[in-house]
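Please examine the sequence and the structure shown below. The explanation that follows begins with one residue and its surroundings and then turns to the structure as a whole.

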Amino acid sequence: MNSLAIIDFGWPYQVRLCLFIVLACLIGVAFLFLFLYPAVKRFLYKHFTVRMYYRTVRKTVLYNDYFLINDFVNTSGGTEPFHIDHIMIGEKFVYCIRDRYYPGAIAAKDTDPNWIYFHGKKSSYIQNPLLVNKVRVERLAMMTGFDSRFLISIVLINDDCLLTPLDNTYSDNFIVSLKRFPDLIKYLESQPVDPLDPHSVAVAVHDLSALNLRGKLKP
């Protein structure tokens, strides 16, 4: 008995042909997925950054039973609108999170106003996202009256972004990759400070929701 006779189980030729075609298609789809997945992932993270990053933020919120307000928009002092992608209220701090996608490498220093961004063979200067987001957080503090000691600025970046090591000049301003975001929150929430008052947190969530002008500002 040859090897084909062992695996055909006496099935008709048409059945074996159909099984072969199905298996070949499945294997082809699997190889196609492995080949296209990195490119598709880059496309999604580039064009739908906030939506893709939201999944990571949402997992942290749900796991820790925190509060979350997405896509916060408002103005302060009659100036142009400012935008914060996610406002997450934990047990000890309020995190103002800005999403950024950098498909390349960055030479950075946390106190420099501009960073050098390398993308392929090109390089350019970009505004320091730490300082940009810090300004947004300060505007939020002035508008709401929140104690700035409990406001943490976070710039969330893609895992494959190559970033030079930064000195921790600021204790309330961070840039972190998606995969390290939960660890950063865990570290900050473990700091020896008193938890936020639950009643104050509930009031803050209500006030922030009321202040959110997303979709209400004139273009």
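In this predicted model, the side chain of Glu-189 reaches the backbone nitrogen of Phe-93 at 3.5 Å. Glu-189 belongs to helix H5. Leaving aside neighbours within four places in sequence, Glu-189 is in contact with Tyr-66, Gly-90, Glu-91, Lys-92, Phe-93 and Tyr-95. Glu-189 is buried and yet forms no salt bridge. The nearest side chain of opposite charge is that of Lys-92, 6.1 Å away. A salt bridge requires a side-chain nitrogen of Lys or Arg within 4 Å of a carboxyl oxygen of Asp or Glu, so the separation of 6.1 Å does not qualify.

Lys-92 itself sits in the loop between strand E2 (82-89) and strand E3 (94-100). Lys-92 is likewise buried without a salt bridge. What lies 2.6 Å from a polar atom of the side chain of Lys-92? It is the backbone oxygen of Gln-191. Not counting residues up to four places away in sequence, Lys-92 touches Phe-150, Glu-189, Ser-190, Gln-191, Val-193, Asp-194, Pro-195 and Leu-196.

Tyr-95, already named as a contact of Glu-189, leads on to the nonpolar interior. Residues touched by Tyr-95, not counting those up to four places away in sequence, include His-86, Ile-87, Met-88, Ile-152, Ile-154, Ile-185 and Leu-188. The largest nonpolar core has 20 residues, of which Met-88, Tyr-95, Ile-97, Ile-154, Leu-156 and Phe-181 touch the most other members. Two or more residues of this core come from each of helix H3 (49-64), strand E3, strand E7 (151-157), strand E9 (173-177) and helix H5 (181-189). A second core, separate from this one, has 17 residues, among them Ile-87, Cys-96, Leu-140 and Leu-151.

Leu-140, a member of that second core, also takes part in a polar contact: its backbone oxygen lies 2.7 Å from a polar atom of the side chain of Thr-144. Thr-144 is located in helix H4 (residues 129-144). The side chain of Thr-144 also reaches the backbone nitrogen of Phe-146, at 3.2 Å. With a relative accessible area of 22%, Thr-144 is partly exposed. Beyond residues up to four places away in sequence, Thr-144 touches Leu-208 and Leu-211. Thr-144 and Leu-208 are 64 residues apart in sequence, while their C-alpha atoms are 8.1 Å apart in space.

Two aspartates deserve attention for their backbone angles. Most residues other than glycine have a negative phi. Asp-65, in the loop between helix H3 and strand E1 (67-74), has a positive phi near 60°. Asp-65 is exposed, with a relative accessible area of 66%. Asp-71 lies in strand E1, and its phi is also positive, near 55°. Asp-71 is partly exposed, at a relative accessible area of 26%.

The whole protein can now be considered. Its secondary structure comprises 6 helices and 9 strands. Of its 219 residues, 34% are buried. Among contacts between residues at least 6 apart in sequence, 57% join residues at least 24 apart. The protein exposes about 14200 Å², and carbon and sulfur atoms supply 62% of that area.

How values were computed:
Residues are numbered from 1 along each chain as its sequence is written. This is a predicted model: local features need pLDDT of at least 70, side-chain atom pairs count only at pLDDT 80 or more; totals for chains, interfaces and linings use all residues. Side-chain values use heavy atoms; hydrogens and water are left out. Helices (H or I, at least four residues) and strands (E, at least two) are DSSP runs, numbered from the N terminus. Buried means under 20% relative accessible area, exposed over 50%, partly exposed in between (1.4 Å probe, protein chains only). Lys and Arg count as positive and Asp and Glu as negative; His and the chain ends are not counted. A polar contact is a pair of N or O atoms within 3.5 Å; within protein, one must be able to donate a hydrogen and the other to accept it, and residues adjacent in sequence count only if both atoms are side-chain atoms. Contact means heavy atoms within 4.5 Å. A nonpolar core is a set of buried Ala, Val, Leu, Ile, Met, Phe, Trp, Tyr and Cys residues joined through side-chain atoms within 4.5 Å. Accessible areas come from the Shrake-Rupley method with a 1.4 Å probe; for residues, only the protein chains shown count as cover.
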